[in-house]
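Reader: Could you take me through how the helices in this one pack together? I may jump to a loop afterwards.

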Amino acid sequence: MILMYHKIDLDSPTIWWVTVNNFIRQMLELQSYKIVYLDDYNPEDLKQVVITFDGVYKNVLKFAAPQLKRLGYPFELFISNDYIGKDNSFDINEPLCEFTSIQELKELTRYGARLQWHGKTHQSLKNISDIEIIRTELEVPRQVREIDPNGFKWFA
């Protein structure tokens with residue numbers, strides 16, 4: 001089973017948010033499972049779970065990472081380069097929320113996170129045929145790759 005989260009906070013204003021209490025409850029319910037990184041995941045093993053975050057917001061560092069570290073759970077963070085250190089003001093249907101900075105991503109790796117790639121700009125590649133645009137989207141900048149030498153093996 002692969003679990004995917006976006007934002008963890010005290011309140012849950014939209015479907016993309018999970019309250020801290022619900023997140024903690026869900027993590028405690030996983031104690032009889034084996035929590036693994038994607039590299040170690042076997043979809044045929046029904047006792048394995050991967051915990052992922054799509055877009056890495058500061059509230060993941062504030063609320064989720066300490067709980068995951070306390071429980072000894074590894075987790076995956078899918079980041080988009082152009083949003084590092086910025087906010088989601090582009091998403092008018094969502095409350096304003098800040099993405100993590102380079103320094104905060106480094107801190108998250110110390111909590112047990114592994115960084116993965118979600119593209120340069122987060123645009124859909126489905127209808128793009130220009131190979132240069134695709135290459136640009138898929139290429140992880142050296143400065144970002146150096147944050148986590150064990151990461152960037154997976155793309156979402």
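Author: We can start with the helix pairs, then turn to buried residues and a loop position. Please keep in mind that this is a predicted model.

Reader: At what angle do α1 and α2 pack, and how far apart are their axes?

Author: Helix α1, which covers residues 20-29, packs against helix α2, residues 58-71, at an angle of about 20°, and their axes are 11 Å apart. Angles under 35 degrees count as roughly parallel, and α1 and α2 are therefore roughly parallel to each other. Their crossing is right-handed.

Reader: Which residues of α1 and α2 meet there?

Author: From α1 the contact takes in V20, F23, I24, M27 and L28, and these meet F63, A64, Q67, L68, R70 and L71 of α2. By character, the residues of this contact of α1 with α2 divide into nine nonpolar, one polar and one charged.

Reader: And α2 with α3, what angle there?

Author: Helix α3, made up of residues 102-110, packs with α2 at an angle of about 10°, with the two axes 10 Å apart. That angle makes α2 roughly parallel to α3.

Reader: What kinds of residues make up the contact of α2 with α3?

Author: The residues of that contact divide into three nonpolar, no polar and five charged. On the α2 side they are K58, L61, A65 and K69, which meet E104, E107, L108 and R110 in α3.

Reader: Back to α1 for a moment. Which of its residues are buried?

Author: The buried residues of α1 are V20, F23 and M27. Seen down the axis of α1, these buried residues fall within an arc of 60°, so they line one face of the helix. As background, an α-helix has 3.6 residues a turn, so residues three or four places apart point the same way.

Reader: What covers the buried residues of α1?

Author: Their cover includes the strands β1 (2-5), β2 (7-9), β3 (17-19) and β5 (48-54), together with helix α2.

Reader: Changing topic: where is S12 found, and is S12 buried or exposed?

Author: S12 is found in the loop between β2 and β3. Its relative accessible area is 37%, which falls between the limits of under 20% for buried and over 50% for exposed, so S12 is partly exposed.

Reader: What does S12 touch?

Author: Leaving aside residues up to four places away in sequence, S12 touches W17, V18 and T19. As for N22, S12 lies 10 residues from N22 in sequence and 9.9 Å from N22 in space, C-alpha to C-alpha.

Definitions and conventions:
Residues are numbered from 1 along each chain as its sequence is written. This is a predicted model: local features need pLDDT of at least 70, side-chain atom pairs count only at pLDDT 80 or more; totals for chains, interfaces and linings use all residues. Side-chain values use heavy atoms; hydrogens and water are left out. Axes are lines fitted to C-alpha atoms, for helices over the stretch in contact, and angles run from 0 to 180 degrees between N-to-C directions. Helices (H or I, at least four residues) and strands (E, at least two) are DSSP runs, numbered from the N terminus. Angles under 35 degrees count as roughly parallel, over 145 as roughly antiparallel, 65 to 115 as roughly perpendicular and the rest as oblique. A crossing is left-handed if the near helix is turned anticlockwise from the far one by less than a right angle, and right-handed if clockwise. Contact means heavy atoms within 4.5 Å. Ala, Val, Leu, Ile, Met, Phe, Trp, Tyr, Cys and Pro count as nonpolar, Asp, Glu, Lys and Arg as charged, and the others, Gly among them, as polar. Buried means under 20% relative accessible area, exposed over 50%, partly exposed in between (1.4 Å probe, protein chains only). The arc is that of the directions from the helix axis to the C-beta atoms.
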